[in-house]
Amino acid sequence: MTVKAVKMPCTSANVYTKVPDGGWGWTVAFAFFVVEALTYGIIKSFGVFFNDLMESFDETNSRISWIISICVFVQTFTAPLSTVLSNRFGHRLVVMAGGLLVSTGMVIASFARSVVDMYVTIGIVSGLGYCLSFLPTVTILSQYFDKRRSLVTAVASTGECFAVFSFAPAITALKEQIGWRYSMLSVGVLQLGITACGSLLRPIIIREQEEVKAQPPEESTETKYMLENEQTCTSIESIDSGVDITTSPSNVPGKTKAEPKSEEPKQHGQNPVENNSTPAEPKSKLLDFSVMRDYSFICYAFFGLFATLGFFAPSLYIIPLSRSLGISKDHSAYILSAMAIAEVFGRIFAGWVLNKKPIRKIYIELICVILLSVALVAFPFASGFWGLMICSVYFGFMLGTVAGTHIPLLAEDDVVGIERMSSAAGVYVFIQSLAGLAGPPLAGVLVDTTENYSSAFYSCAAGMVLGAVFLALVRPCKTGLCHQQQQQQQVEESTAGPPPELPDDFIDMDIGKAENSGKGSDSVV
């Protein structure tokens, strides 16, 4: 079957007969690449401002960490709001509004006079913009692809890796020339590109092939009802007069049963035209919380909750850790860039593996999470530049395999499926908000208490191990729940009796009764 797209204006939706696995989806993938770079890429590169903010505001490590913590918390906590707005106003408008919020928050933050100002501008304003920009983009990208979904999403998500690789050295060099305030201002202006990418997110409508095929000409339902009623009446009158009309439904070949639909207007006194009118489609829910009754989704949400502890803290503390080991500032930036490059290959590798069939994607994700936990434990044992470089490359590769696939994996049948992905993504990211809020400050408190950056990586590893435990329970919960539903359905079918069958020709039976009663009355007379 050929994928057919209906040509519509640029501002209208793309209509396909099935998921295109390409087409305008490639433009959406490019937009997602840029949005990923200007959202998560900036968040992960924010560590280059840490020392400058500590010196300018005379604050501790943990208080500066709250900037990113509040940002990540607001980004994830407002995920259901992003889902509701996307379902109500469309993905394009929501992403464009999010881009304006991100840029506004970062620009105002460059004029901040205290760390509290940073909490409001970057933490709340930009955090809300990040949510409105990222989640609708990844959701609509999943709708444009089916067979290539894992690979395309993984490759497009490498935008944040290229951003970390390029932004970290560029911002470091720019700070030496114009200072950290004007550097942050430049980043805010650059993030206006999110608004341009949002304008490329054209909605997609999938229409079944049956609706596209040309239907053979048929008589209208009203004409059909009138003809059948007329034929029935004519048949009854003809039998009384001794004349047999072959147009009666009982005499037409292949019409041994009368259609029940022709009787419904008579029984209920409804107009046949009204009965044939297409019923109004029920309004789609802006946010479907029924996913919370799915045990497999609950386990997957807990996986995301604990795994989030290991997503952001390492990228924030890798430079301070390298400086504590006596590594220069330039070489520390190289370590962060190497981590970003390795994450690119990790995302592409994960997308390539998950694109293979047949394969149980949830198990591949579990293996990657376990290996990522090992990478986090390895950081405290690194010594020197090359030891930390090896750990960073290994961690970046494994982080890419998990970070680029954990949200698109919601579209798989092992979790919730593509039909409920939009609502599931909003609830899933919302649950992650607690870990996004607590992760970096918890690591900062441990560092301030122990005066050792290794404790931050241990806390991240502990959260990742707990996430692996819940991820391992997703598939058993799904299969167990489906098995119970099948058993319940079988019990209901066995208890319910067979549907009543109509006689072969109930019209003839009624006619026969009328004829016999007529003969009886004649004999009495």
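**Leu135.** I looked up Leu135 to begin with: its relative accessible area is 4%, so I noted it as buried. The model I am reading is a predicted one. Leu135 sits in helix 7. I listed what Leu135 touches, leaving aside residues up to four places away in sequence. The list reads Ala79, Ser82, Thr83, Ala425, Gly426 and Val429. I also checked Leu135 against Pro80, which is 55 residues away along the chain. Their C-alpha atoms are separated by 9.8 Å.

**Helix 7 and the core.** Next I turned to the largest nonpolar core. It holds 119 residues, and Met118 and Tyr300 touch the most other members. Which helix gives this core its largest share? I found helix 7, residues 115-144, with 12 residues. In soluble globular proteins, nonpolar side chains tend to be buried together. I then wrote down the contacts of Met118, again without residues up to four places away in sequence. They are Leu53, Phe57, Ile67, Ala109, Ala112, Gly123, Trp180 and Met184.

**Cavities.** I counted five cavities of 30 Å³ or more. The largest has a volume of about 310 Å³. Its lining has 25 residues. Which of them lie nearest the centre? I noted Tyr40, Phe134, Ala403, His406 and Ile407. By class, the lining has 13 nonpolar, eight polar and four charged residues. Helix 7 turned up again here: it supplies four residues, the largest share of the lining. Several helices give at least two lining residues each, among them helix 1 (25-38), helix 2 (40-45), helix 4 (61-77) and helix 20 (421-450).

**Ile407.** I followed up one of the residues nearest the cavity centre, Ile407. It lies in the loop between helix 19 (384-403) and helix 20. Is Ile407 buried or exposed? Its relative accessible area is 5%, so I put it down as buried. Ile407 touches Phe134, Val138, Met421, Tyr428 and Val429, not counting residues up to four places away in sequence. Val429 was already in my notes, as a contact of Leu135. I also took the C-alpha distance from Ile407 to Met421. It is 9.2 Å, for residues 14 apart in sequence.

**Asp58.** I stopped at another loop residue. Asp58 lies between helix 3 (50-57) and helix 4. Its phi is near 55 degrees, a positive value in a residue other than glycine. At 68% relative accessibility, over the 50% mark, Asp58 counts as exposed.

**Cysteines.** I searched the whole structure for disulfides and found zero. Why is Cys477 not in one? The closest cysteine sulfur belongs to Cys299 and is 3.7 Å from the sulfur of Cys477. A disulfide needs sulfurs within 2.5 Å, so this pair is too far for a bond. Cys477 is partly exposed, with a relative accessible area of 23%. I looked at Cys71 as well: at 1% relative accessibility, it counts as buried.

**The chain overall.** Last, I took the totals. The protein chain has 23 helices and three strands. Of its 525 residues, 48% count as buried. I also checked contacts with a separation of 6 or more. Residues 24 or more positions apart account for 83% of them.

Definitions and conventions. Residues are numbered from 1 along each chain as its sequence is written. This is a predicted model: local features need pLDDT of at least 70, side-chain atom pairs count only at pLDDT 80 or more; totals for chains, interfaces and linings use all residues. Side-chain values use heavy atoms; hydrogens and water are left out. Buried means under 20% relative accessible area, exposed over 50%, partly exposed in between (1.4 Å probe, protein chains only). A nonpolar core is a set of buried Ala, Val, Leu, Ile, Met, Phe, Trp, Tyr and Cys residues joined through side-chain atoms within 4.5 Å. Contact means heavy atoms within 4.5 Å. On a 1 Å grid over the protein atoms alone, a cavity is a set of points where a 1.4 Å probe fits but cannot get out, and a pocket is an open set with protein on both sides within 12 Å along at least five of seven lines; lining residues have an atom within 4 Å of a point. Grid points are joined across faces, edges and corners, and a volume is the space filled by probe spheres set on the points. Ala, Val, Leu, Ile, Met, Phe, Trp, Tyr, Cys and Pro count as nonpolar, Asp, Glu, Lys and Arg as charged, and the others, Gly among them, as polar.
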